[in-house]
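Visitor: I have a structure to look through and would enjoy some company. Could you walk me through how its parts fit together?

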Amino acid sequence: MRLLAIETSTEACSVGLMIDGQIVSDHRMAPQQHGALVLPMIDALMSKAGITPSQLDAVAYGRGPGSFTGVRIGVALTQGIALGADVGVIGISTLHTVAQGVHRLHGDRHIGVSLDARMAEVYFATYAIKGNSSRVSPIEQERICTPAEVPDIEMIQPWVWCGSGAERYADILQPQTQGKPATIRQDAWPHAHDLLLLAESRYQTDEMTSADKAAPVYLRNKVAETTAEREESKRLRISGKRSSQE
């Protein structure tokens with residue numbers, strides 16, 4: 001199994017390859033530099049691994065929610081590479097990927113993810129490990145809301161909070177845990193390593209779609225893209241397709 005992962009939904013620019021269960025990745029904190037960095041990062045990773053896009057089995061991508069521009073970059077590049085390589089795609093929630101990373105790094109089993117959505121709002125969802133699984137599963141479905149509207153979490157089990165929203169609005173979110181203090185994991189960002197772990201499970205159960213159906217999830221509607229944003233998305237689709245055909 002050979003999977004490529006692209007995650008550009010937040011300040012983190014993260015790409016990774018899974019080849020027969022082994023993962024290599026390139027993860028950088030690079031706000032507003034994704035358009036310039038992500039394709040060279042992918043090319044370098046695949047060159048080092050000695051494979052071409054035509055040898056991939058699928059492309060996994062962070063579908064959002066997150067930065068409008070960042071999500072579009074990831075979707076456009078995924079479509080370009082997957083169309084050129086004639087493979088399917090797997091979209092994974094950015095929040096889900098963050099939660100998987102917190103479990104991988106810290107072993108936490110009950111995780112609330114809150115990403116800063118600007119405009120005094122957060123993207124929010126909760127996840128938990130079920131049984132002996134090594135993958136976190138959704139509990140509270142993702143939503144956009146104000147920090148004060150984040151629902152109470154039953155503290156039957158120890159929960160942790162993570163994400164840029166949890167850090168920024170800690171004083172508001174803390175009371176939402178039944179009055180008990182909750183740990184906040186610092187610097188939790190979506191990482192391609194964790195995107196690959198989640199995508200692997202989807203691939204094994206044949207939960208892929210065709211490249212033309214790769215789609216962003218914003219949670220907040222946006223009326224229109226700027227001309228520059230449309231041109232950047234078009235450029236990345238074309239660049240990805242050319243790269244996959246080389």
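Visitor: At what angle do helix α3 and helix α6 pack, and how are they oriented to each other?

Guide: Happily, and keep in mind that this is a predicted model. Helix α3 covers residues 94–106 and helix α6 covers residues 192–204, with their axes 8 Å apart. The angle between them is about 105°. Angles of 65 to 115 degrees count as roughly perpendicular, so α3 and α6 are roughly perpendicular to each other.

Visitor: Which residues meet there, and how do they divide into nonpolar, polar and charged?

Guide: From α3 come His-96, Thr-97, Gln-100, Gly-101 and Arg-104. They meet His-193, Asp-194, Leu-195, Leu-197, Leu-198 and Arg-202 of α6. By class, the residues of this contact are three nonpolar, five polar and three charged.

Visitor: What span should α6 have, and what does the model give?

Guide: Helix α6 has 13 residues, and the rise is taken as 1.5 Å a residue. The expected span is 1.5 Å times one less than the number of residues, so α6 should span 18 Å. Its end C-alpha atoms agree with that, lying apart by 18 Å.

Visitor: Is α3 mostly covered or mostly open, and how many of its residues are buried?

Guide: Helix α3 is mostly covered. Its buried residues include Leu-95, Val-98, Ala-99 and Val-102, and also His-96, Thr-97, Gln-100 and Gly-101, four residues that take part in the contact with α6. Out of 13 residues in α3, the number buried is ten.

Visitor: Which residues of α6 are buried?

Guide: Among those that meet α3 are Asp-194, Leu-195, Leu-197 and Leu-198, and these four are buried. The complete buried set of α6 is Ala-192, Asp-194, Leu-195, Leu-196, Leu-197, Leu-198, Ala-199 and Glu-200.

Visitor: Which residue just after α6 takes a positive phi?

Guide: Look just past the end of the helix, where phi is about 60°. The residue there is Asp-206.

Visitor: Are Cys-13 and Cys-145 buried or exposed, and how many disulfides are there?

Guide: Buried means under 20% relative accessible area. Cys-13 is at 0% and therefore counts as buried, and Cys-145, at 5%, is buried too. A search of the whole structure for disulfides gives a count of zero.

Visitor: How many helices and strands does the chain have, and what share of its residues is buried?

Guide: The secondary structure comes to seven helices and eleven strands. The chain has 246 residues, and the share that counts as buried is 52%.

Key: Residues are numbered from 1 along each chain as its sequence is written. This is a predicted model: local features need pLDDT of at least 70, side-chain atom pairs count only at pLDDT 80 or more; totals for chains, interfaces and linings use all residues. Side-chain values use heavy atoms; hydrogens and water are left out. Axes are lines fitted to C-alpha atoms, for helices over the stretch in contact, and angles run from 0 to 180 degrees between N-to-C directions. Helices (H or I, at least four residues) and strands (E, at least two) are DSSP runs, numbered from the N terminus. Angles under 35 degrees count as roughly parallel, over 145 as roughly antiparallel, 65 to 115 as roughly perpendicular and the rest as oblique. Contact means heavy atoms within 4.5 Å. Ala, Val, Leu, Ile, Met, Phe, Trp, Tyr, Cys and Pro count as nonpolar, Asp, Glu, Lys and Arg as charged, and the others, Gly among them, as polar. Buried means under 20% relative accessible area, exposed over 50%, partly exposed in between (1.4 Å probe, protein chains only). A disulfide is a pair of cysteine sulfur atoms within 2.5 Å.
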